[in-house]
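Here is a walk through one protein model, from its core to its loops. Keep the viewer open and follow along.

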Amino acid sequence: MRMALEIARRGRGKVSPNPLVGAVIVKGGKVIAKGWHERYGGKHAEANAIEKAGKKAKGADLYVTLEPCNHYGKQPPCTKAVIRAGIKRAFIAMEDPNKLSRHGAKELERNGIKVEKGICRHEAEKQNEFYIKGLREGRPFVTLKIAMSSDGFISFGDGRAKRISGRASSDLVQKMRKEHDAVLVGINTVLRDDPLLTVRNDPESNPLRIVLDSKLSMPKSARMLVQKGETIIVCTEPVDARRRREIAEHGGLVIVAGKKGSRVSLRDMLSELYKMGVQSVLVEAGNRVATSFLSERLADRMVIIVSRRKITKGLKAFSLKRKIRFGISEHRPLGKDTIVVLEKV
C-alpha cells in the first residue's frame, strides 16, 4: 500500500479536481503491475494497472489507495475493470467520500472479491486532503504562505522590493505553486511588485492566478495577464462594464463576488472557485490578505518561511485581534532559512 501511495503522488498537479490514486497488483508475493491516475480525464489507477498486468491479473491481489469508483464519469466504473480482470482480493486504503463514487467496495464484494479497507488510511486521507476538503466544506483547501524576517516583518517598509528569504525557499514556493490549482494575491501586491505568479521553467504547470481587487483597479499592463494560463480578478459590485471589457481584452477574467464590508467576501469567493473546479489555493499573502484569511478561519495550513535576517521595522506579517490556534506539523532548516508548517486545529 505504501508503494501505491508513493506512485499516486506522480499525479499531483495533473489530475485535479480528481483525487490522487495509486494501484499495485500483486501475485505470488511479487508485484506484477503498477498504475496511477496520470491526468484529469484519463484512465484511473486501477485500469492502468490492470492493463499492464494483462491476463496475469486473474487471481491476483489489488492494493489501491482509494475505493474504486462505481459510476460512469469521464471513465467507466473501475469496479467493472477489477471484476472483469478476475482480481481475487482488493485492499483499499480509504473509502471514497464522493457520493457519486461510493459503494465500490460493496460492488466488489457482491461479485465474490474479498475486500479489506483501512490499510494506511490516515496516509491516504492526508494525500487527498484537497479533494476531501472540497467535498466536506464546498470550498478549496487554503494554504497560506508567508516569508518573514526573524523579527516578524514581511517587508522593509521603505518600498524596497528586496527578497527576505533565500534560494531554497524560492524553490519551495515554485514547487507549491505547481501542486496547487490556484495562487492568490491581493491587488496591493500586484500594484507594488507586478508578480508573474508562474512556475519557473515549466509554463505548462502554471496555476490559475487570482487577484483580490474589490474596486477593479487591476492595471492592463500587469505582467501576469500575458503569461500562459488564466488570470481571474475578483471584484465586488458595482463594477464598471468598460473596465471589465478592458481587462477581458488583455486576457483577464473578471468575476463578481459578494461583499464583506468594503472588501471581497472570502467565503463567497472560495465557494465560487470550488464551483469552477478549483480544489486548492495557495495564498501568497501580504499583511491585509493574510489577516483576513486567518481572522475568518479560512486558512487550513500555514507555511511560514523564517529568514535569519532582522529588519527591525517595516510591515508585520499579520495584524490579528484575537488568537488563532494552529498546531506545528513541521519545523526544519530550509537552506539558510527555517520552514515552519502549521495545521489548523
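How many cavities of 30 Å³ or more does the count come to? The model is a predicted one, and the count comes to 1 cavity of that size. Its volume is about 150 Å³. A general point helps here. Rolling a probe the size of a water molecule over the atoms shows where empty space is left.

Start with the walls of this cavity. The lining has 16 residues. Arg-12, Ser-16, Leu-20, Phe-130 and Gln-279 lie nearest the centre. Helix α6, residues 129-137, gives the most to the lining, with 3 residues. By class, the lining is mixed: 5 nonpolar, 7 polar and 4 charged residues.

One of the lining residues deserves a second look. Ser-16 lies among those nearest the cavity centre, and the peptide bond from Ser-16 to Pro-17 is cis. Omega there is near 10 degrees. Pro-17 is found in the loop between α1 (2-8) and β1 (22-27).

Next, the packing. In soluble globular proteins, nonpolar side chains tend to be buried together. In this model the largest nonpolar core has 37 residues. Ile-25, Leu-62, Val-82 and Ile-87 have the most contacts inside this core. Strand β4, residues 89-94, supplies the largest share of the core, 5 residues. Another core, of 36 residues, lies apart from the largest one. Val-142, Leu-266, Leu-298 and Ile-324 are among its members.

Now zoom in on Leu-62. Which residues does Leu-62 touch, not counting residues up to four places away in sequence? The list holds Ala-23, Val-24, Ile-25, Glu-46, Val-82, Ile-87, Arg-89, Ala-90 and Phe-91. Three of these names, Ile-25, Val-82 and Ile-87, also stand with Leu-62 among the core residues with the most contacts.

Turn to the open space. The second largest pocket holds about 720 Å³. It is lined by 21 residues, and those closest to its centre are Glu-129, Lys-175, Glu-179, Arg-301 and Glu-330. By class, the lining has 6 nonpolar, 4 polar and 11 charged residues. Several elements meet here. α5 (121-127), α6, α7 (167-179), β15 (301-306), β17 (326-334) and β18 (337-344) each supply at least two lining residues. The largest share, 4 residues, comes from α7. Helix α6 thus appears twice in this tour: at this pocket and at the largest cavity.

Stay on α7 for a moment. Ser-169 lies in this helix. Is Ser-169 buried or exposed? Ser-169 counts as buried because its relative accessible area is 1%, under the 20% cut-off. Leaving out residues up to four places away in sequence, Ser-169 touches Ile-305, Leu-334 and Asp-337.

Cysteines come next. The structure holds 0 disulfides. Why does Cys-120 have no bond to Cys-78? The sulfur of Cys-78 is the closest cysteine sulfur to that of Cys-120, yet the two are 20 Å apart, too far for a bond. A disulfide needs the sulfur atoms within 2.5 Å. Cys-120 counts as buried, at 15% relative accessibility. Cys-235 is buried too, with a relative accessible area of 0%.

Finish with the loops. Asn-201 is not a glycine, although it has a positive phi of about 65 degrees. This residue is found in the loop between α8 (187-193) and β9 (208-212). Asn-201 counts as exposed because its relative accessibility is 75%.

Arg-297 also has a positive phi, near 55 degrees, in a residue other than glycine. Its place is in the loop between α11 (287-295) and β15. Arg-297 is partly exposed, with a relative accessible area of 30%.

The last stop is Arg-223, in the loop between β9 and β10 (231-235). Arg-223 is partly exposed, with a relative accessible area of 38%. Which residues does Arg-223 touch, not counting residues up to four places away in sequence? Arg-223 touches Asp-193, Asp-194, Pro-195 and Leu-196. Arg-177 sits 46 residues from Arg-223 along the chain, and their C-alpha atoms are separated by 17 Å.

Key. Residues numbered from 1 in each chain as written. Predicted model: local features only at pLDDT ≥ 70, side-chain atom pairs only at ≥ 80, totals over all residues. Heavy atoms only, no water. Core = buried A, V, L, I, M, F, W, Y, C linked by side-chain atoms within 4.5 Å. Buried < 20%, exposed > 50% of the residue type's maximum accessible area, 1.4 Å probe, protein only. Contact = heavy atoms within 4.5 Å. 1 Å grid on protein atoms, 1.4 Å probe; cavity = no way out; pocket = protein on both sides within 12 Å on 5 of 7 lines; lining within 4 Å. Points joined across faces, edges and corners; volume = space filled by probe spheres on them. Nonpolar A, V, L, I, M, F, W, Y, C, P; charged D, E, K, R; others polar.
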